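Good morning, and thank you for joining. I should like to take you through one structure, beginning with its cysteines and then turning to its sheets and helices.

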Amino acid sequence: MARTVILGGGIAGHTAALHLRRLLPREHEVVVVTPNSKWNWIPSNIWVGVGVMDPADVVFPLAPVYAKQGIGYVQAKATTILPHGDAEDARGAVDVEHTSPERSGQVERLRYDYLVNATGPKLNFAATPGLGPDEGHTVSVCTAGHAEHAASALKDVIDKLKAGQRQTLVIGTGHGTCTCEGAAFEYVFNVEHELRQAGVRDLAEIIFLTNEYELGDFGVGGMEFEENGFRTTGRMWTESLFRERGVRAITGAGCTKIEEGVIHYELLDGTEHTQAFDFAMLLPPFRGVGLTAKDAAGADITDQLFAPSGLMKVDADYSGKPYEEWKASDWPSTYAVPGFDNIWAVGIAFAPPHPISKPRKSPKGTVISPAPPRTGMPSGVMGKAVAQTIADRILGRAKPPHEASMANMGAACVASAGTGLTKGSAASITMMPVVPDFEKYETGRDLGETKGEIGLAGHWMKLSLHHLFLYKAKALPGWQLIPE
């Protein structure tokens, strides 16, 4: 009997657990360790954040799903990995601290034969003083609870607008190294849409504050599209939407401090500015959740498994080569941790070798450049690939590891720009590959597979995907037929 422990129950970890359980006989254990009791379809948090969905529409309890599927469930946060075991047992182990009401604070050591780190990110609001909904002056849509709070704050703004009070809304990234610019893009246009629907758009100034060098970068270095023989850039495509909706953009901006009603930021040219606001939704940067590692004697070996960011090192090129020497082959393909043939890291938990967008700093040395996105579809594909690799190992199949390199992987993104079955819209974007390969493609990507379109049909697709992926995550009949 083999035991696989999966740390994290988000898109990557949950996908890995469901597929591994599907692929293995029941005598083999699959155990998920996650501090959360509920699964959250994070892409729909932006709709909770404008009040068109409730938190209950985007979450469901994990325990019943895992019980039905025969997956072990430990509601706890992982703290330390012991890949060589300890004095009592040479098998690998992970220390966890329980978070359930019944066992809160209790510590337990779990043994494993195979380990998947899918812990996702720590929301690092502390990177910018004054950022965040708990101890800061801004709201967030990173969790369902955060999004519910954001919707309440937005309602207050709309009430003030209806009373004739002008309001300034700032939406975007709250630090120079943020990722998930796409989520900020979705939220700003959903907010703009809701203000129009409420009849108060004319009294509101909406500003998009982003660390992107230019609109349309999205942390993937931008895109080029070819339609009807004409080529256009993601920048032109995105800027046209901003002009159409009357949203002012501040690009190349890194927030340095947020006070009540005032955002302080630095631009790539080194100048410092402030922006007053009445409402601000600014995303935080991500880092590792704080896992440590020890050898069998108890000595710290964290730096062997983790990068300084706290994210786990995998089969990638971490040599720190200059931008001009970056290659698609720098990116991991199997997500195995070097030196360990039974540990993998997937989704946001793995350390990328470098950004996808060109790195940029201000003259003062401040990094103002998007970190690479690794959420959604890529996370699910990685989780499934690693599950297939582990199943092959356990079942004695002499097969090479399954691969899921972002440099060979296509991705589709449907970014909402407002809801409504007749008035909604969304930007539908496909790219192939996610990480550009300039050795293979002139523009870094296959022009035949990289496209962008916005319209009502995109909204219908976005809403359909919401229901489809919740169905899949609940492991309802036929779930495995739905692509990642």
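A search of the whole structure finds zero disulfides, a disulfide being a pair of cysteine sulfur atoms within 2.5 Å. Cys142 is in no disulfide, and its nearest cysteine sulfur, that of Cys180, lies 7.3 Å away. Why is there no bond from Cys180 to Cys142? The two sulfurs are 7.3 Å apart, which is too far for a bond. Cys142 is buried, with a relative accessible area of 14%, and Cys180 is buried as well, at 19%. Buried here means under 20% relative accessible area, exposed means over 50%, and partly exposed lies in between, with a 1.4 Å probe and protein chains only.

A word on the basis of these values. This is a predicted model, in which local features need pLDDT of at least 70 and side-chain atom pairs count only at pLDDT 80 or more, while totals for chains, interfaces and linings use all residues. Residues are numbered from 1 along each chain as its sequence is written, and side-chain values use heavy atoms, with hydrogens and water left out.

Let me turn to the sheets. Helices (H or I, at least four residues) and strands (E, at least two) are DSSP runs, numbered from the N terminus, and two strands pair if DSSP finds at least two bridges between them. An open sheet of four strands has the order 14-11-10-18, and its pairing is parallel. Strand 14 (248-250) and strand 18 (279-283) are at the edges; each has a single partner strand, so one side of each lacks a neighbour in the sheet. From one strand to the next, the twist averages 15°. Strand 10 (residues 167-173) runs parallel to strand 11 (residues 204-209), joined by six bridges, and Leu169 stands opposite Ile206 in strand 11. Helix 4 (residues 144-162) lies across strand 10, strand 11 and strand 18, and runs at about 150° to strand 10. Such angles run from 0 to 180 degrees between N-to-C directions, and axes are lines fitted to C-alpha atoms, for helices over the stretch in contact; contact means heavy atoms within 4.5 Å.

Another open sheet has three strands, in the order 15-16-17, with antiparallel pairing. Which strands stand at its edges? They are strand 15 (253-259) and strand 17 (272-276), each with a single partner strand. The twist here averages 30° from one strand to the next. Strand 15 and strand 16 pair over six bridges, with Ala253 opposite Leu267 in strand 16. They form a hairpin with two residues between them, and Gly261 in the turn has a positive phi of about 80°. Strand 16 (residues 262-267) is joined to strand 17 by five bridges, and Tyr265 faces His273 in strand 17.

A further hairpin links strand 12 and strand 13, again with two residues between them; Asn228 in its turn has a positive phi of about 50°. Four bridges join these antiparallel strands, and Glu227 is opposite Phe230 in strand 13.

Finally, the helix pair. The axes of helix 1 (residues 11-23) and helix 8 (residues 377-394) come within 7 Å and cross at roughly 35°. Among the residues that meet are Ala12, Ala16 and Leu20 in helix 1, and Gly380, Gly383 and Ala387 in helix 8. The contact residues divide into eight nonpolar, six polar and two charged.

How values were computed
Ala, Val, Leu, Ile, Met, Phe, Trp, Tyr, Cys and Pro count as nonpolar, Asp, Glu, Lys and Arg as charged, and the others, Gly among them, as polar.
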